[in-house]
Amino acid sequence: MTSQTTVEKALQDDAAVPPAKGLRGHPWLTLISVAIGVMMVALDGTIVAIANPVIQSDLHATFAQVQWITNGYFLALAVTLITAGKLGDRFGHRQTFLIGVTGFAAASGAIGFSNSVTLVVTFRVLQGLFGALLMPAALGLLRATFPAEKLNMAIGIWGMVIGASTAGGPILGGYLVQNHGWASVFFINVPVGVIALVIGIVILRDHRAENAPKSFDILGIALLSAAMFCLVWALIKAPAWGWGDAKVWIFLGVSVAAFLLFGFWETKVKEPLIPLTLFRSVPLTAGTILMVLMAIAFMGGLFFVTFYLQNVHGMTPVKAGLHLLPLTGMMIVGSPLAGAMITKVGPRIPLAGGMALTAVAMYGMSTLATDTSSTLMSVWFAMLGLGLAPVMVGATEVIVGNAPMELSGVAGGLQQAAMQIGGSLGTAVLGAVMASKVDSDLAGNWANAGLPPLKGDQLDQASQAVQVGMGPVPPGTPAALADKINAVAHDTFISGMGLACLVACGVAAVAVFVALLTKRGANAEAGAGAAHI
């Protein structure tokens, strides 16, 4: 089907749908409504990291407990995204979205009132579960509301909101924690959630495909959840346990076995959770792989940049966030422009070009040094944002647009799950690269600087500090000696970060070729003709 024929068919389908009465079902108002809800989830992914040190101090939590504030949320979100998308396909994306928004805001308020780290972690898990409900539902609503020729622009703005919220989290979080305490980073979600709920009730219109699923694949849900949990758990714990630890490989092995059993079961059940025929679509499969590779390069590389800015250059969290504004700004500007470009020429060229630009940016970031100027940093950060924008938009449209309308929620969950898994892989794998490089270089760099040799546990503790850009300076160390230790730590960290960014560059380069397998969503035109309820 040619692009012109696709557009004409989409317009015909759109014209056949009864016009929305009043504001309900208006496409652009629908976009505003879902964007407010999605903004909460995206913002929470990074804003909470700023509050963790203060939470640890106020609630007298251990480091492991504080880690669970992030890990509990991430696990709940990643494990349930696809199942949550299926719930939207079954019961309607409007209802699923509104429940997700309400639950997310309520859980956020409960965290703000919590007086123990156990309660904080419990409600963070609930946050993740409700966030998993609203994210795929948001994509499902956009897919069903916008005609094909406008869907890319809508997804572009949707991606812009996610990118801006994710990158803006440290800035807003730093301001709130500094001026209003750690609970404020959670309380802020309550009024935002109320606004999203009220607008959603007034604006959102339910859409159901005629052949929407009528039953649930309970065993499939259990197998997929177990597979995802074991995979993400292994990736989360690998940096602490070490990649050579048997427990990591046991969890990975169980994950592979559960995925294989899930795949076998899906060929037998009448209404599978994910029909494997979905992956007969080469563009959809390529889009999913592309989303994983993009997230590996982006999330993994950016993880070390935050330590670089704060611990090597000595910036406050707010100032570090401001230095990332070129990345945020280019994503804000580039996402809707990428949507328009993809509508005109298709996704293949913008996606390949975006990943090529991302590869160049990651190579540039591998050259960052202890004395790199803010101007040069901004060039690489801006290039990264400009490269990521078309990938965020295009890969999302490729996945959702190539799925049947009745599986739009599952496709939205697949897109989000791919990003979460990719981000986890990037942090774990590039973290292992960083740790290996630091371990191999630190002792030699330490000796070359004429510092007293480190032995046994001392070297291990020093290595852990250096991996996040910190100098292992004991209390009471003379200033001159402290400066020498910090110089060695920063140089060693820079070498590790440089190698990690080079690996991310290689991943982005591979993604260029994957992008060449994508094409415009074959089923995108079905959205405008969905049945309205």
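Which residues have the most contacts inside the largest nonpolar core? Select Phe 97, Trp 158, Leu 290, Met 294, Tyr 308, Met 365 and Met 497, which hold that place in a core of 131 residues; bear in mind throughout the tour that this is a predicted model. Next, colour helix H11, residues 282–312, since the largest share of this core, 17 residues, comes from that helix. Apart from this core lies another one, of 19 residues, and to find it you can select Ala 51, Ile 55, Ala 183 and Phe 186, which are among its members.

Return now to Phe 97 and display its surroundings: leaving out residues up to four places away in sequence, Phe 97 touches Ser 33, Val 34 and Gly 37, together with Leu 134, Ala 137, Ala 138, Leu 141 and Leu 204.

From there, move to helix H8, residues 189–203, where Val 202 is found. Val 202 is partly exposed, with a relative accessible area of 45%, and if you draw a distance from its C-alpha atom to that of Leu 23, you will find a separation of 7.4 Å, although the two residues are 179 residues apart along the chain.

The next stop is the second largest pocket, which has a volume of about 430 Å³. Select Met 228, Phe 259, Phe 279, Leu 414 and Ile 421, which, of the 17 residues that line this pocket, lie nearest its centre. Two or more lining residues come from each of helix H9 (218–241), helix H10 (246–266), H11 and helix H16 (408–448), and H16 gives the largest share of the lining, five residues.

Continue to helix H13, residues 325–345, whose 21 residues reach 29 Å from the first C-alpha to the last, close to the 30 Å expected at 1.5 Å a residue. Look along this helix for a kink of about 30° at Gly 334, shortly before the proline Pro 336. Both Gly 334 and Pro 336 are buried, and the buried residues of H13 also include Leu 327, Met 331, Ala 338 and Ile 342. Following H13 comes Gly 346, whose phi is positive, near 90°.

Finally, select Thr 358 in helix H14, residues 348–365. Is this residue buried or exposed? Thr 358 counts as buried because its relative accessible area is 1%, and the cut-off for burial is under 20%. If its neighbours within four places in sequence are left aside, Thr 358 is in contact with Leu 384, Gly 387, Leu 388 and Ala 508, so these four can be displayed beside it to complete the view.

Definitions and conventions
Residues are numbered from 1 along each chain as its sequence is written. This is a predicted model: local features need pLDDT of at least 70, side-chain atom pairs count only at pLDDT 80 or more; totals for chains, interfaces and linings use all residues. Side-chain values use heavy atoms; hydrogens and water are left out. Helices (H or I, at least four residues) and strands (E, at least two) are DSSP runs, numbered from the N terminus. The expected span of a helix is 1.5 Å times one less than its number of residues. The bend at a residue is the angle between axes fitted to the seven residues ending there and the seven starting there. Buried means under 20% relative accessible area, exposed over 50%, partly exposed in between (1.4 Å probe, protein chains only). A nonpolar core is a set of buried Ala, Val, Leu, Ile, Met, Phe, Trp, Tyr and Cys residues joined through side-chain atoms within 4.5 Å. Contact means heavy atoms within 4.5 Å. On a 1 Å grid over the protein atoms alone, a cavity is a set of points where a 1.4 Å probe fits but cannot get out, and a pocket is an open set with protein on both sides within 12 Å along at least five of seven lines; lining residues have an atom within 4 Å of a point. Grid points are joined across faces, edges and corners, and a volume is the space filled by probe spheres set on the points.
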